[in-house]
Amino acid sequence: MNRSSMPPQLLRLVVLTLLVIGTYAVARVVLTPATFGHYGHYRGAALVEAASRPQVFAGAKACDECHSETSELVANDRHKGISCEACHGPGRTHSRNPDIMPVKLNDQLCLRCHVAEVARPAKQRQIQVWDHFPGDKCVECHVAHQPNKSK
Ligand code: HEC
Ligand code: HEC
Ligand code: HEC
Ligand code: HEC
């Protein structure tokens, strides 16, 4: 088939397709960050950026040094495996300078893991707040570090 005999609507379609592909190819080169793909399907420079952020967590072992009694209580009850900082928040500043106290905790803390939600596995202990929570603080009846105990 000779080019001039290509129907104009087909020609427009071909030109449009080439334009779309061309725009995509140019945009891909222009918009892809320089270090993308250096190590994998992500921006290589992101590793350096993430590593340069200040650390805020002290790590699971850091608290044992000064709070070994608490560590022992937690390790021997149902909250074992939950890191101190999962409840108390980032503790690096406090670990380095105990004069700076960790943030105070409130009842929302317990509900984060224990409020009944259908999406949670049934074996995870859950409570219906309206049914269970009579308006006191959770820790007025429960011992946070030893949830098997009650006060
Ligand atoms: C260098 C020692 C040291 C380290 C490490 C340390 N603490 Fe402490 N912490 C203290 C001292 C001292 C106090 C004040 C006396 C007390 O309550 O035992 C304290 C108090 C606390 C309190 C009570 C705060 C309050 O308002 O009453 C919490 C909670 C706490 N630490 C959590 C942690 C956690 C979590 C870690 C690990 C990330 C940690 N600590 C690491 C020394 C330390
Ligand atoms: C399940 C959440 C949770 C975990 C895990 C947890 N704590 Fe606590 N912690 C609390 C709550 C809530 C309080 C406040 C208790 C209260 O007011 O009766 C508390 C209180 C404290 C206190 C103040 C003194 C006391 O004993 O009441 C210290 C110190 C402390 N925690 C250290 C730690 C350390 C160290 C770890 C890790 C070994 C840890 N906690 C793990 C929830 C937790
Ligand atoms: C980070 C998640 C998390 C937080 C926060 C948390 N818990 Fe738990 N809790 C668990 C896990 C995990 C278990 C053990 C598995 C289970 O039985 O659900 C547990 C178990 C329990 C149990 C059952 C103990 C038994 O007899 O078997 C009670 C009661 C409890 N927690 C109370 C509390 C209270 C009160 C707080 C707040 C101070 C709290 N939890 C905060 C995760 C959490
Ligand atoms: C007035 C006392 C009281 C208060 C306040 C209280 N609880 Fe309880 N909780 C109990 C008692 C008693 C049990 C054990 C009997 C039961 O399973 O109902 C229990 C059991 C639980 C269990 C285990 C449920 C299961 O299926 O085995 C969880 C989880 C729990 N409480 C979380 C909380 C949380 C989170 C709060 C705060 C929002 C809270 N409780 C406040 C008295 C209390």
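Read along the sequence, the protein chain of this predicted model follows the pattern α-α-α-α-α-α-α-α. A count of its secondary structure gives eight helices and zero strands.

**The whole chain**

Begin with the protein chain alone, displayed as a C-alpha trace. Along the principal axes, the C-alpha atoms fill a box of roughly 90 × 40 × 25 Å. The radius of gyration of the protein chain is 29 Å, whereas a compact globule of 151 residues would have one near 15 Å. Colouring by burial shows that 5% of the 151 residues count as buried. Of the contacts between residues at least 6 apart in sequence, 42% join residues at least 24 apart.

**The two domains**

Next, select residues 3-51 and residues 64-141 in two colours; the domain assignment names these domain 1 and domain 2, respectively. A distance drawn between the C-alpha centres of domain 1 and domain 2 comes to 49 Å.

**Helix α1**

Select residues 8-31, which form helix α1. From the first C-alpha to the last, the 24 residues of α1 reach 34 Å, close to the 34 Å expected at 1.5 Å a residue. Is this helix buried or in the open? The number of buried residues in α1 is zero, so the helix lies largely in the open.

**Ligand 2**

Move to ligand 2 and display its surroundings, a shell of 15 residues. Cys63, His67, Cys84, Cys87 and Ala144 come nearest to this ligand. Helices α3 (64-75) and α4 are the elements that give two or more residues to the shell. By residue class, the shell around ligand 2 holds nine nonpolar residues, six polar and no charged.

**Ligand 3**

Select ligand 3 next, together with the 18 residues that surround it. The closest are Cys110, Cys113, Arg125, His142 and Pro147. Which helices each supply at least two residues of this shell? They are α4 (84-88), α6 (108-114) and α8 (138-141). Helix α6 provides the largest share, five residues. The shell around ligand 3 divides into 10 nonpolar, five polar and three charged residues.

Within this shell, centre the view on Cys113, whose place is in helix α6. Cys113 counts as partly exposed because it has 14 C-beta neighbours inside 10 Å. Then add Arg125, which is 12 residues from Cys113 along the chain; their C-alpha atoms are separated by 8.7 Å.

**Ligand 4**

Proceed to ligand 4, which has 15 residues around it. Cys110, Arg125, Asp136, Cys138 and Cys141 come nearest. Cys110 and Arg125 are also listed among the closest residues to ligand 3. Helices α6 and α8 each supply at least two residues of the shell around ligand 4. That shell comprises seven nonpolar, four polar and four charged residues.

**Cys138**

Finish at Cys138, which lies in helix α8. What does Cys138 touch, not counting residues up to four places away in sequence? Its contacts are Asp107 and Cys110. Cys138 has 19 other C-beta atoms within 10 Å and is therefore partly exposed, since 20 or more would be required for a buried residue. As a last distance, select Ala62: Cys138 and Ala62 are 76 residues apart in sequence and 27 Å apart in space, C-alpha to C-alpha.

Terms used
Residues are numbered from 1 along each chain as its sequence is written. Chains are lettered from A and ligands numbered from 1 in the order in which they are written. This is a predicted model: local features need pLDDT of at least 70, side-chain atom pairs count only at pLDDT 80 or more; totals for chains, interfaces and linings use all residues. A residue is near a molecule or strand if its C-beta atom, placed from the backbone, lies within 6 Å of it. Helices (H or I, at least four residues) and strands (E, at least two) are DSSP runs, numbered from the N terminus. Ala, Val, Leu, Ile, Met, Phe, Trp, Tyr, Cys and Pro count as nonpolar, Asp, Glu, Lys and Arg as charged, and the others, Gly among them, as polar. Domain bounds come from an automatic or database domain assignment. The expected span of a helix is 1.5 Å times one less than its number of residues. A residue is buried if 20 or more other C-beta atoms lie within 10 Å of its own, exposed if 12 or fewer, and partly exposed in between; C-beta atoms are placed from the backbone. The radius of gyration is taken over C-alpha atoms; the globule rule is 2.2 Å times the number of residues to the power 0.38. Two residues are in contact if their C-beta atoms, placed from the backbone, lie within 7 Å.
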